[in-house]
Amino acid sequence: MRENVTFNVQHTPLPSKWTEMTIHVYRDRVEGETAALPDRKTTEAYCYDICAFLPTQGRMTLDPLTVQRVPTGLFLALPEHWAALVCSRSGLAAKGVQVINAPGVIDADYRDEVQVLLSYIAPPTAAPFVIE
């Protein structure tokens with residue numbers, strides 16, 4: 001089941017001028033769980049964080065030197081001529097987990113689920129990185 005949510009985001013086309021834009025986000029609902037909406041973790045954060053949506057398996061692992069598609073359960077309807085970027089988080093990148101095609105570009109006409117291509121840059125003998 002998919003839920004339609006109107007999502008207001010603040011963005012800045014110019015360094016000191018914040019404006020608000022509305023986009024439509026469709027999010028999956030599976031087995032009673034609903035995909036998390038993008039969220040700013042602090043009031044001063046410039047970007048929105050997105051989460052993995054793993055309702056049936058609960059977790060997934062990234063083995064060293066591999067690439068995995070991580071589902072988010074989110075489907076975006078961006079305004080014409082706009083794009084969303086998926087970038088690595090510095091804290092995860094320091095642990096070797098990064099968006100392999102950073103920045104990942106989500107074009108305005110893309111309507112499939114947003115999935116993040118993550119890689120785990122670690123020695124082959126390292127323990128897998130767990131995503132929950």
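**Charged pairs, nonpolar core and local backbone features**

The side chains of Arg89 and Asp49 form a salt bridge, with N and O 2.8 Å apart. This pair joins distant parts of the chain, since 40 residues separate its two members. Arg89 belongs to the loop between β7 (83-86) and α1 (90-93), and Asp49 to the loop between β3 (33-34) and β4 (60-62). The two partners also fall into separate accessibility classes: Arg89 is partly exposed, at 48% relative accessibility, whereas Asp49 is buried, at 14%. In this predicted model, the count of salt bridges comes to 2. The second bridge is formed by Lys41 and Asp39, whose closest N and O atoms are 3.7 Å apart. Lys41 is exposed, with a relative accessible area of 51%, and Asp39 is partly exposed, with 37%. In general, side chains of opposite charge can pair when their charged atoms come close.

The chain contains 1 helix and 11 strands. Read from the N terminus, the order of elements is β-β-β-β-β-β-β-α-β-β-β-β. Of the 132 residues in the chain, 35% are buried. The accessible surface of the chain amounts to about 8400 Å², and carbon and sulfur atoms account for 52% of this area. When contacts between residues at least 6 apart in sequence are considered, 56% join residues at least 24 apart.

The largest nonpolar core comprises 24 residues. Within this core, the residues that touch the most other members are Leu62, Leu76, Leu78, Ile106, Leu118 and Ile131. Two or more residues are contributed by each of β2 (17-30), β4, β6 (74-77), β7, β8 (97-99), β10 (115-120) and β11 (129-131). Strand β10 gives the most to the core, with 3 residues. Nonpolar side chains tend to be buried together in soluble globular proteins. The surroundings of Leu78 were examined further, with residues up to four places away in sequence left out. On this basis Leu78 touches Ile23, Ala83, Ala84, Ile106, Asp107, Ala108 and Arg111. Ile106, one of these contacts, is itself among the core residues that touch the most other members.

A further contact between separated segments involves Pro128, in the loop between β10 and β11. Pro128 is partly exposed, at 40% relative accessibility. Its C-alpha lies 6.3 Å from that of Pro64, although the two residues are 64 places apart in sequence. Outside the four nearest positions on either side in sequence, Pro128 touches Thr61, Leu62, Asp63, Pro64 and Tyr120. Leu62, listed among these contacts, is also one of the core residues that touch the most other members.

Arg27 lies in strand β2. With a relative accessible area of 16%, Arg27 is buried, because the limit for that class is under 20%. The side chain of Arg27 reaches the backbone oxygen of Ala35, at 3.2 Å.

The structure holds 0 disulfides. The sulfur of Cys47 has its closest cysteine sulfur in Cys87, at 6.3 Å, and is therefore too far away for a bond. The converse also applies, as the cysteine sulfur closest to that of Cys87 is in Cys47. A disulfide would require the two sulfur atoms to be within 2.5 Å. Cys87 is partly exposed, with a relative accessible area of 47%.

Several backbone features occur in loops. The peptide bond from Ala102 to Pro103 is cis, with omega near -10 degrees, and Pro103 lies in the loop between β8 and β9 (104-107). Positive phi values in residues other than glycine include that of Leu65, near 60 degrees, and that of His81, near 70 degrees. Leu65 is found in the loop between β4 and β5 (67-71), and His81 in the loop between β6 and β7. Leu65 is exposed, with a relative accessible area of 55%. His81 likewise counts as exposed, at 74% relative accessibility.

Key:
Residues are numbered from 1 along each chain as its sequence is written. This is a predicted model: local features need pLDDT of at least 70, side-chain atom pairs count only at pLDDT 80 or more; totals for chains, interfaces and linings use all residues. Side-chain values use heavy atoms; hydrogens and water are left out. A salt bridge is a side-chain nitrogen of Lys or Arg within 4 Å of a carboxyl oxygen of Asp or Glu. Buried means under 20% relative accessible area, exposed over 50%, partly exposed in between (1.4 Å probe, protein chains only). Helices (H or I, at least four residues) and strands (E, at least two) are DSSP runs, numbered from the N terminus. A nonpolar core is a set of buried Ala, Val, Leu, Ile, Met, Phe, Trp, Tyr and Cys residues joined through side-chain atoms within 4.5 Å. Contact means heavy atoms within 4.5 Å. Accessible areas come from the Shrake-Rupley method with a 1.4 Å probe; for residues, only the protein chains shown count as cover. A polar contact is a pair of N or O atoms within 3.5 Å; within protein, one must be able to donate a hydrogen and the other to accept it, and residues adjacent in sequence count only if both atoms are side-chain atoms.
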